[in-house]
Structure formats: structure tokens, C-alpha cells
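Q: Please take a close look at a single part of this structure, and explain for a first-year student how that part sits within the whole. A connected account would be appreciated.

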Amino acid sequence: MSRVVVVGSGIAGLTAALRAHTLGHDVTVVTKSSSVASGSTPYAQGGIAAALFPDDSVEAHVADTLRAGAGLNVREAVEALCSDGPDRVRELIARGAAFDRDGDTLARGLEAAHSSARVLHAGGDATGAELERALVAAVTAARIPVVGGAFLRDVIVDDGRAAGVSLWVDGEALTIDADAVVLATGGWGQLYAHTTNPSVATGDGVAAAWRAGAMLADLEFTQFHPTALYAGDGAADDATHDAGAGAFLVSEAVRGEGAVLRNAAGERFMLDAHPDAELAPRDVVARGIAVEMAAQGGRPVLLDATALGAEFLARRFPTIDAASRAAGHDWGRRPLPVTPAAHYAMGGVATDTEGRTSVPGLFAVGEVACTGAHGGNRLASNSLLEGLVFAHRAAGAIDAPWAEPPAWTQRAVRVEADGARSVAAGSPHPVLRTFDRDRLRALMWEAAGVHRDGARLAAAAAELAATAMPDAEAGARSGEDANLLTLARLVVAAALAREESRGAHFRSDFPLAGSGEPAHTVLLPQPTRLEVPAAC
């Protein structure tokens, strides 16, 4: 039996905790919020994809995931995701997760870039909330200890191995020793002025893993959801949902049901952008919207679902219907104003298919991790599935011999470790400005958002390097700020290094994909631990 601390309480963290507990480990869950039901999972609307139906197959799900990933998927991870997925979903159902049904069978929907209707929903558009409810109930029933209100200061490393975590809990320092640490802290959406992510998504796990010596991969790939409800400044309307959430997401499933995108003149512009129009991959739709918004002076585009009818919309999408009405929109009669928003990080802590990082004893699962399953662009409704599948695998590997660093990183292009460290530390530049979170988020949206170019990225890198690092020991808020600044510097460094456009990473100065075999980007904070050769 091993002592295991799981940091994070979304679908990935709770799945890892339950599986590890079942295997006989001594498990403690640490969560940043006061409530265990926190993070991005409760806000997930779109659903969970799995090949559960006779007219579908694992092979088709694999093919769709690879097609969306822009050549950067790690096939082994994709196959694990899609082949394990059906059993993991059945286990959720056994735990009491109430998916929507069509009579006696599971209801299913079609979403963008899927070749088959394989996406399950719960409560219409409240899938994440229902899955979180079922998992929290299971954790409670299993009497797994939960430490709430805990900010992750650092992963403790002893003799090259993860040995626990240091935390801020209600303003007090706390250390939890462990034989294995499982990071399930989510992504870094709060880097951006426009984001669907909740306020807790400040990249704490990724930053802590990097400080602990773990490899990070593909940080330049953030997925921008095409359709967040426009509120003028990118913030969530206070009337729509709780204050901890980001901009309100209007699910891809709405377009799957037939809603279309129109510009200010009422024209459908995605017909000319991609053969699949509104059902094209997310990066294509997000860029199409951004171009259209720029052409009309920054005004939002319109998501037109009026043909579906108010009664259908209220029944199929009750959460979106309530939020839209609370914000003053009658979307059954008038189109909704929408904008792209940072939604999901494809990059993160590099892992193998068992969630193992390059630091022995340190696992990463869910959005904090980069397994390579999503490649350069995540397929819709694969994120909840990723949390389930790789958390289950990681828990099963806790007592297994530690593997070599993920094989796919050997095909990576390394951003020079010393350069990445100096960018993160800000050492080449004099400190000219104090840290301001709003300024950071605006800068990242402008320079490292949907559209990027070398000049803006270089200017952002210089400004970030000249910004004083907040004192992470001053408390949780300052610790978040330090993590955001660290990640901003690393994201910009990775985006500068990728001189091509691929998946969710688009650079107007390099608008085409590079020639040759696509390569991952790896940041190594401790190059003496492992040298990763550049791609041939």
C-alpha cells in the first residue's frame, strides 16, 4: 500500500482517487476550492464521447481524433483513450451517473468533427455537473479524506523523486508526505482575458511540475472555444452563473443540432471557410469567427439557433437557455452574440499513457497533462473522456516500476532549456513593471490568442521578462500570480519556437504547416536530467 495524494477534484482527480482507493492505497484528495465539486468539470456542457453503439467503432473514434489533431497526436495515447473509453463510461453509469436516454437506450448526439453520433449528455447540457455529482458521492461514500481550500505551493522532491506536496490551507502552510503525487489541477485558462475556465484555472499544477523538474510539452497549443456568450469585455455576465466561472460557454452541441454562425450582415461566413462549415474543427471555427469579428470592427458574430425553436432549445439545452435568458437574450427568437474564448490546454506536463511524468513518483492526469492524445487540436467531447481514462490508468500504475520518459518526447524539438529558464526567470531584462493580472491576461489575449505573429510574441516575451515575479510565499493569491507569470513566459517561448501554423496554433507570419514530420515542443527546466534530441 502506498500513500497517495491527489491534487484536484474534477473528473480526473476523483477518478484517480477512487481507483487508487479500490486498489488499497491510502489516498488523500487536495482541492483548491472549499467544495470538493470544483474546477472545470462541473461546467462541461458538451458531453463525453465513446464508441458505445453498434454503428460506431473504436477505430472510427481513433480516426476522428487523429484527424482533428493536426498531425501531432501520439497514436498510442489516442488508442488508449478510445479503446478504454467505453468501459470507463460504463463504470460511470454503474456509479450512478444519469446520462440522458431515448426510451430504454442511451441518447447520443453528433458534434463537430465526429463521423458518428457518439456523444453522451446528461441533463441536456449539464453533463459535467452530473458526472461530478456522481463522483463526489462515490468519494464521500468511500470516506476518502479531502483537504479543501488548499493551494498547491510545490511538489516536494526528495532524492529525485516526488515525495509529497506543500500547500497553503486557510493561510497556513501544510505539508503532506506521499509515495506518489497525482496532479489533476486542470489548465491555465485564466492566462487569457477571454476564457470559459473558472477562476481556479491558474495553471498551478503545470507550474509546480516544471519547478519540480518535470518536462512540459506543447504549451503553445491552447484551444479557443469558438462560441462563448459575448458580454462586451470577455467577462462572464454576473446574472448567468456563479462568480467563480469564466465566460459562459455555448456548447458545440448547439451547432451539432443545426445552429449556424452569421456575421453582422446576417450572412453565413463559415460556408466559405471549411467544407464542414459550422461543424469544422474548433480551431478553424474560432479563427473564422476572429477574422469576421476583425472585419466588423470587433463586434461579435451571431449564433443563430432560431430555426430549432424555443421549446426544443429549452428542453435540449436547459442550462444555456437559462443563462441566455438571464443575460437578456431570447435565443429562440434572436441569435446570440458570441466570441472565441480560451477553453482547453492541449499542452501540459508530458506523460506516458499511464500518467507518468519524467519525475519518478509524479503523475499528471486530465487537462494538466499532455499525453499527446489531443495533438494540436482536441476533438470535441474528448476531454471528460481523457480525465476518466488516464486517471484510471495512472492509479493502476502507482506501484509499478517507473518507466523512462515518454517515448514520444524523443521526437520533440527542444526549446533550449537555458533560454526557457531565463524567460521564465526574467533574468535577461531589468525589472521595469510590477505584476498586474489584468494586464497579463490582456497581453496574452493580444499576443498569444487566436491569431499570433512573431513580432507580437517577441514584444510580449520582453514585457513578461521585465515584469517582477510575485512573491509566491506571500500567500495563495500571490502564488497564483507567480504561476500565471511563469506560464505566460513559457507559453510565449513555445509559441515563438513553433514557426508554423498547426492545429490551434496559428501564426500569420508562418501561415502554413511546416514541411516534414510534425514534432512536439518540449521544455526542459533541468537539461542535465535528460537530453531530448531535436527532430530530424
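A: Asn-483 is a suitable part to examine, for setting aside neighbours within four places in sequence, this residue is in contact with Phe-151, Thr-202, Asp-204, Ala-207 and Arg-211. The model is a predicted one. Asn-483 has its place in helix H14. Because its relative accessible area is 1%, under the 20% cut-off, Asn-483 counts as buried.

The helix around this residue deserves a description of its own. Helix H14 runs from residue 476 to residue 497, which makes 22 residues. From its first C-alpha to its last it reaches 31 Å, close to the 32 Å expected at 1.5 Å a residue. The helix is mostly covered, since 17 of its 22 residues are buried. As a general point, residues three or four places apart in an α-helix point the same way, because there are 3.6 residues in each turn.

The setting of this helix is the protein as a whole. The protein contains 14 helices and 21 strands. A compact globule of 536 residues would have a radius of gyration near 24 Å, and the value of 21 Å for this protein agrees with that. Along the principal axes, the C-alpha atoms fill a box of roughly 60 × 55 × 45 Å. Of the 536 residues, 60% count as buried. Among contacts between residues at least 6 apart in sequence, 73% join residues at least 24 apart. The protein exposes about 19000 Å², and carbon and sulfur atoms supply 51% of that area. As for charge, the mean positions of the 45 positive and 65 negative charges are 1 Å apart.

Other places in the chain may be set beside Asn-483. One of them is Ala-51, in the loop between strand S3 (48–49) and helix H2 (58–68). With a relative accessible area of 14%, Ala-51 is buried. Not counting residues up to four places away in sequence, Ala-51 touches Asp-56, Ser-57, Val-58, His-61 and Pro-86. Ala-51 and Arg-3 are 48 residues apart in sequence, and their C-alpha atoms are 35 Å apart in space.

A helix elsewhere in the chain offers a further example of packing. In helix H9 (residues 318–326), the buried residues are Ile-320, Asp-321, Ala-323 and Ser-324. These buried residues of H9 pack against helix H6 (252–256), helix H8 (310–316) and strand S16 (336–345). Just after H9, Gly-328 adopts a positive phi of about 90°.

A positive phi is also found in residues that are not glycine. Asp-170 has such a phi, at about 50°, and is found in the loop between strand S9 (161–169) and strand S10 (172–177). Its relative accessibility is 69%, so Asp-170 counts as exposed. Ala-277, which is likewise not a glycine, has a positive phi near 50° and lies in the loop between strand S14 (260–262) and helix H7 (282–295). Ala-277 is buried, with a relative accessible area of 7%.

To return to the part chosen at the outset, Asn-483 belongs to helix H14, a helix that is mostly covered.

Conventions
Residues are numbered from 1 along each chain as its sequence is written. This is a predicted model: local features need pLDDT of at least 70, side-chain atom pairs count only at pLDDT 80 or more; totals for chains, interfaces and linings use all residues. Side-chain values use heavy atoms; hydrogens and water are left out. Helices (H or I, at least four residues) and strands (E, at least two) are DSSP runs, numbered from the N terminus. The radius of gyration is taken over C-alpha atoms; the globule rule is 2.2 Å times the number of residues to the power 0.38. Buried means under 20% relative accessible area, exposed over 50%, partly exposed in between (1.4 Å probe, protein chains only). Contact means heavy atoms within 4.5 Å. Accessible areas come from the Shrake-Rupley method with a 1.4 Å probe; for residues, only the protein chains shown count as cover. Lys and Arg count as positive and Asp and Glu as negative; His and the chain ends are not counted. The place of a charge is taken as NZ of Lys, CZ of Arg, CG of Asp or CD of Glu. The expected span of a helix is 1.5 Å times one less than its number of residues.
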